[in-house]
Amino acid sequence: MGRRDHGGSHRSLLSEGEETEMEMFGYKTHRFWRALCIAGYIMSCGALLLVFYWKPAWGVWAKCVPCDLQEADVVLLRTTDEFRVYSQKKVTWISLSALSQFSPEGPSVAGHGSLLNKVIMKPELRVRCLQVQNIRYAWDFCAKRFQKVGVLEDSHSCAEIHARFGSGLTSKEQDVRRAICGPNAITVEVPPVWKLLVKEVLNPFYVFQAFSVCLWFTEDYIEYSVAIIVMSLLSVSLTVYDLRKQSLRLHRLVESHQSVLVKVCRKPSGFQELESCLLVPGDTLVLEGGRSTVPCDAILISGQCIVNEAMLTGESIPVTKTSLPCDAGSGSDPWPTSCAEDPRRHLLFCGTEVVQAKGGGRGPAKAVVLRTGFNTAKGDLVRSILYPKPMNFRLYRDAIRFLMCLIGVAAVGMVYAVCVFTLSGEKAGEVVKKALDVITIAVPPALPAALTTGIIYTQRRLKRKGIFCISPQRINVCGQLNVICFDKEIEDSDGPERKDGELADAVIVKPGAKAGQVAGRGVAILCQFPFSSALQRMSVIAQELSGERHVFMKGAPEKVADFCRPETVPHSFSHELQLYASRGFRVIGLAHKALPAGTRVASLTRAEAESSLTFLGFLIMENRLKSETRPVLEELRAARIRSVMVTGDNIQTAVAVARKAGMMAPGSQAILVEADTQAGPPSASISWHLLEEEEEEEEGGKANGDSGPEGNCTNFGGGAAAAAPGDDAGLGHFHFCMSGRSYEVITEHFNHLLPKLLLNGTVFARMSPAQKASLVQELQRMDYFVGMCGDGANDCGALKVAHAGISLSEQEASVASPFTSKTPNIRCVPELLRQGRAALVTSFCMFKFMALYSTIQYVGVLLLYWQLSAFGNYQFLFQDLAITTVIGMTMSLNGASPKLAPYRPPAQLVSPPLLLSMVLNLLFSLAMQVSGFVLVQKQPWYSPDSIFSACSPGNTSHTAEPLPSASATLGNATAGKNADSGYKSYENTSVWLLSTINCLTVALVFSKGRPFRQPVYKNYLFVLVLAAQLGVCLFFLFANIDGLYAQMDLVCTPGTWRITLLVMLLVTFAVSFLAEEAVVENRALWTLLKKAFGYQSRSGYKKLRRALEKDPAWPPRNRSDFSPPSVAVHVRGAKEVYSNPAFVSHEKPACCLKT
């Protein structure tokens, strides 16, 4: 990596285990190497500096030498993902000596074991810092590594947080912490226009354009150069405008809490008001008064708060936050692990709104600042937008490789040009210009812009459909999706809206006006134990207005039953639960108990309150499918796109909904996979139960008065209704269903089975947010292209890691998703697939056209170089501007096909059909141009000494021009250029007309319509443009207008030769069209060729499918297996993905739970 190897202290990991994990390498600037680089900048006129701007690692290696990280003044960072992107950062120093009354001999500002004390260099009182993606890291002199500051260490126990920070910090402590951690601000810089302009112009694409324009100016190719400059300026201006608009939008989004006045506890003075940007980790906030926005992440240590977290989670119902218990766990356990319930129930997240704050027994509600600035939950969300993960899509990789091939072809042409012109005695300057011309011809400068044209048009079409995209490059990826994971959006879960204030003020709950006879006048809510996805229940302590106190619980029925006295749970509990759940109803368990008189509510723990309950019964709610669900899923199934349900509902309910929705085809089998841990070896077991659709029992049918499809239920076991042998001969005739707990046990103990289960996994119930993201990643590892459709809340992580995440919520939490639908239903999914496929095919069409256009022009120029000639400036201008540019702007206007085809478009340029298409059309064009070049010289009227020999003496359109002298002919290697600049010749006219019209025929052949786009004749503007261009070209072919021919450097030829050229063009078009339709687009032919040559897909899931089709024992049914006697394997991909901090599941791993 450097000039010499170095020890292990030269390298370290930054943010280890997180999504933003990076490798870091220490370097020290060397004066001599730096001076050499500066000299190189000057001698290369800035070219070397530009190379180092594109490749920062090269600049570090050139100017610096490796060293220990402790001595480094420059750090080279490299991402640990597949892209391995390099960046460099300078190490800076923060001086604390200017702080008043601060001395190293004084008392510790944060405890002897605190990170803040470890990062201060004593006695100099300085801190080494590094700023990476808006996060500040400080050098830990004890651990010898950079550590994140701006957070309160998780190592503090609950008791320490109360004792150490409960009464606030001193002014001196806050000053030191603020100097080290930085301000509590999520600042999104709005860069000035000139910065955005310079950054955009330094893109390699525009640098190559600038090189081409400079070269063209030296050759007096003024018109097209000016046109390229105008188009480039327009493109740059639009890009800069969009970037600045996005920056302003994000800036306004995050600036709301930057200048909030807050009250903090300050030792020893009491309370103090200050700006929220001055908060530091360890400060104690005082929460009182009305509504307020939380300016940081904080731990509630006293009182209770009702918080609206819609900004982060998308959930409109406020949640209750309880204070962190002082005596939870043992005295030394870190507070996140010692909490009896989900730790986030004690956390107030930055950007959320406190609706109501209720103090404890002896004062107002208080919260200790946990994280500030970009370390907060909102900061993570903003950083995920500012620094998005790059997409690894084969189209873009193949495009770069193909560009490299074109550069290689251009290099061959350069050698050819140098040889030809050098042997002819041309001046060195002319030889260099002609050789460099070959690069600008063979490598079209407009190629990258042409690839994005279709994406821009598609983005506009999506916007008209109510689908907004913040990551345009993912549109093409949507064309390859073959698995769509749905959250609960297929169900109609809309309910009555409730205002936050109504819930916040609902301390006393009274029966409504339409309520029947109820006992009592109402109840008062004394205490709440909030719902948690990990606990799957919630409880309240309420008091009747008449005086009695009760504990009420609701939650997952199986969880509620665990807290009830056994004698109160009916024997038919499981049967009734299964009966209703299998019909698709949502079932909630209810329980209660009366509290003895005199019980102190404040002293009751959750465990005490939720014990010895009396089971009351089930609350049954109907899960109605949304009207658009079944048609959408049927459309996806017809297009051979898998639909997977990933939900938090009960497994039986989820299976029933999946059957109603059509995710499971009629007659297919559902296999319930249950995995659990157990004491002693083996450590885990897995069982496979066949779920059968049986007719409902007569009694149930009569009771419900329903004998239709809704009367079917799902029961365990084999039975007479089992599918006949052979029904599941193909792997598509059965579906695996499992819960989140089973999924976690399988990933830990049966990891070898996970890909097999995911191959036919259809229903995943009771899934936590982290498990949803893990499922998406596991499917991606199997080479699936995965889409995720959710509400942007608890599936925020899954939306981000999926190839295409589609959020159905417009809350701020959804900004991490690449796509957001304004219409909150799944109709957007097939629309996005249609548009993505159309955009992908458009990109291929544009790439093929641009590459072939440049190759056609390249072949024509090299043929004319043999005659020491070339195309004239206006000939180039007509091809480049009037033909290629206009086609590039209109060829991409084809809309998406209204129907999803049952197969996907190709995803790579190196696929045999696409390569064959380009090679065949190149050969056809090459044969046509070479034939025209050679045949014109064989004509009886051809003369290398006269450009007028082909026309009769009476042709006045050319006799006005003086005859060129023999020394000015194009065939004489030593001849000087005549008044026509040496471009006019029979070869030039023939080759130019053939290549120009050939570009039009190729554009028509490559304008692919069905099955992914609308037919080409529906692209009215493109057809009109093509017809106009063809008319002009035919006019050039058959017209004999003196001024026109003189301007275009054309010469007169006999009518028979012109007809011959037209016949050659028609034959080439017919052959090209037939080859494209009969060979390239013939799926049946390619299928036969694949079978003949034994080609099989290399996708991981297809390899696995072929292997399982040969396994007679797969899938297992009605049996149990046990884990092998080995150490549990942790879930693959230890690095965390982005997840919504307000929805992170802190549920203990299944292997650690008691059975």
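These are my notes on two sheets, one helix and the nonpolar cores of this model.

**Ground rules.** I'm working from a predicted model, where local features need pLDDT of at least 70, side-chain atom pairs count only at pLDDT 80 or more, and totals for chains, interfaces and linings use all residues. Numbering runs from 1 along each chain as its sequence is written, and side-chain values use heavy atoms, with hydrogens and water left out.

**Helix α1.** I started with α1, residues 31–43 (helices are DSSP runs of H or I, at least four residues, and strands are runs of E, at least two, numbered from the N terminus). Its 13 residues reach 18 Å from first C-alpha to last, close to the 18 Å expected at 1.5 Å a residue; the expected span is 1.5 Å times one less than the number of residues. Which residues of α1 are buried? I found Cys37, Gly40 and Tyr41, where buried means under 20% relative accessible area, exposed over 50% and partly exposed in between, with a 1.4 Å probe and protein chains only. Down the axis, the buried residues fall within an arc of 105 degrees, so they line one face of the helix; the arc is that of the directions from the helix axis to the C-beta atoms. On the face turned away I noted exposed Arg31, Ile42 and Met43. The cover over the buried residues includes α2 (47–54) and α3 (56–63). After α1 comes Cys45, with a positive phi near 55 degrees.

**First sheet.** I traced an open, antiparallel sheet of 4 strands, ordered β6-β7-β8-β9. Strands count as paired if DSSP finds at least two bridges between them. β6 (92–95) and β9 (145–148) are at the edges with a single partner strand each, so one side of each has no neighbour in the sheet. Inside it, β7 (126–132) and β8 (135–140) pair over 4 bridges, and Gln131 stands opposite Arg136 in β8.

**Second sheet.** Another open antiparallel sheet has 4 strands in the order β14-β19-β16-β17. I checked β16 (304–308) against β17 and got 4 antiparallel bridges; Cys305 has Lys321 in β17 as its bridge partner.

**Cores.** How many residues are in the largest nonpolar core? I get 85, and Phe847, Trp992 and Met891 are among those with the most contacts inside it. A core here is a set of buried Ala, Val, Leu, Ile, Met, Phe, Trp, Tyr and Cys residues joined through side-chain atoms within 4.5 Å. Helix α28 (828–865) gives the most to this core, 19 residues. Apart from the largest core lies another of 43 residues, including Ile467 and Leu808.

Technical notes
Contact means heavy atoms within 4.5 Å.
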